[in-house]
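Reader: I am new to this structure. Please take me closely through one part of it, the nonpolar core and what packs around it.

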Amino acid sequence: MAFESQRVPEGEARRSRRRGYPSYEEALRLLRSYVSDEKTLKHSIACAETAFEMAETIHRRHPELPLDPEKVRVGGLLHDIGKARPGEHELNSVAILREEGIPELADIVLHSYPYEIFLCKGEERPEYLPRSLENKIVVYADFLRDQEAREVGMEERIAGIRARKRDETERMAALKLAEPRLLRLKDEIEALLS
Ligand SMILES: [Fe+2]
């Protein structure tokens, strides 16, 4: 179901069509239509909030940069929608948002470390690296809100993932490989925030 076909007030739907991505309320309805797990919903809402705050600050300080804080907010909200399907949820999120006819959002929700997961399998897939500032803010925001939606630091969150997934050898090897890149991403965003 494309997001525009959902039952929403006409004014809101018109604004969404003009923007090219759904409003926060539409996106929340879309997320709930895929994901019922309360933990994921809570984390997603927290991630959207953190992503929006960072994007607004960066936009204020660097108005010359291509950055739409509202788009980042909605992208943050939907980044884990792929958890509704089996397999790598990071890639599923991108696929679902494309199927839903929202390529603008599909382009900014690639998070975690799928690039390194494929690298560990001997495949180099540079298309799985976040490129835009909007995508990088979503990635960083995801690391700043843990599974319980608590505010944490990136290093603390990585340590938590490592403890939780210690039996998933392949994923842990990928995380180790990804860590320097993720810390560089953190530094890049923090420099824009300060
Ligand atoms: Fe997440």
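Author: What follows is a walk through the core, then a loop residue, then one helix pair.

The model is predicted. Start with the core. The largest nonpolar core has 45 residues. Six of them touch the most other members: Ala-51, Leu-78, Leu-97, Leu-105, Val-109 and Ile-137. Many helices feed this core. Helix 2 (24-34), helix 3 (38-61), helix 4 (69-78) and helix 5 (89-99) are among those that each supply at least two residues. So are helix 6 (103-106), helix 7 (114-120), helix 8 (133-144) and helix 10 (169-193).

Now look at Leu-97. Leaving out residues up to four places away in sequence, Leu-97 touches Leu-78, Ile-81, Ile-102, Leu-105, Ala-106 and Val-109.

The UniProt record, an unreviewed entry, places the feature "domain: HD/PDEase" at residues 36-157. That span is 59% helix and 0% strand. Its end C-alpha atoms lie 23 Å apart.

Next, a loop. Tyr-21 sits between helix 1 (10-19) and helix 2. Is Tyr-21 buried or exposed? Tyr-21 is buried, because 23 other C-beta atoms lie within 10 Å; the cut-off is 20 or more. The C-alpha atoms of Tyr-21 and Pro-103 are 8.4 Å apart, although 82 residues separate them along the chain.

Last, the helix pair. Helix 8 and helix 10 pack at about 110°, with axes 10 Å apart. Helix 8 is therefore roughly perpendicular to helix 10. Helix 8 brings Lys-136, Ile-137, Val-139 and Tyr-140 to the contact. Helix 10 brings Leu-185, Lys-186, Glu-188 and Ile-189. Five of the contact residues are nonpolar, three are charged and none is polar.

Terms used
Residues numbered from 1 in each chain as written. Predicted model: local features only at pLDDT ≥ 70, side-chain atom pairs only at ≥ 80, totals over all residues. UniProt positions renumbered as here; feature names shortened; annotations may be inferred. Helix = DSSP H or I, 4+ residues; strand = E, 2+ residues; numbered from the N terminus. Core = buried A, V, L, I, M, F, W, Y, C linked by C-beta atoms within 7 Å. Buried ≥ 20, exposed ≤ 12 C-beta atoms within 10 Å, placed from the backbone. Contact = placed C-beta atoms within 7 Å. Axes fitted to C-alpha atoms, helices over the stretch in contact; angles between N-to-C directions. Parallel < 35°, antiparallel > 145°, perpendicular 65-115°, else oblique. Nonpolar A, V, L, I, M, F, W, Y, C, P; charged D, E, K, R; others polar.
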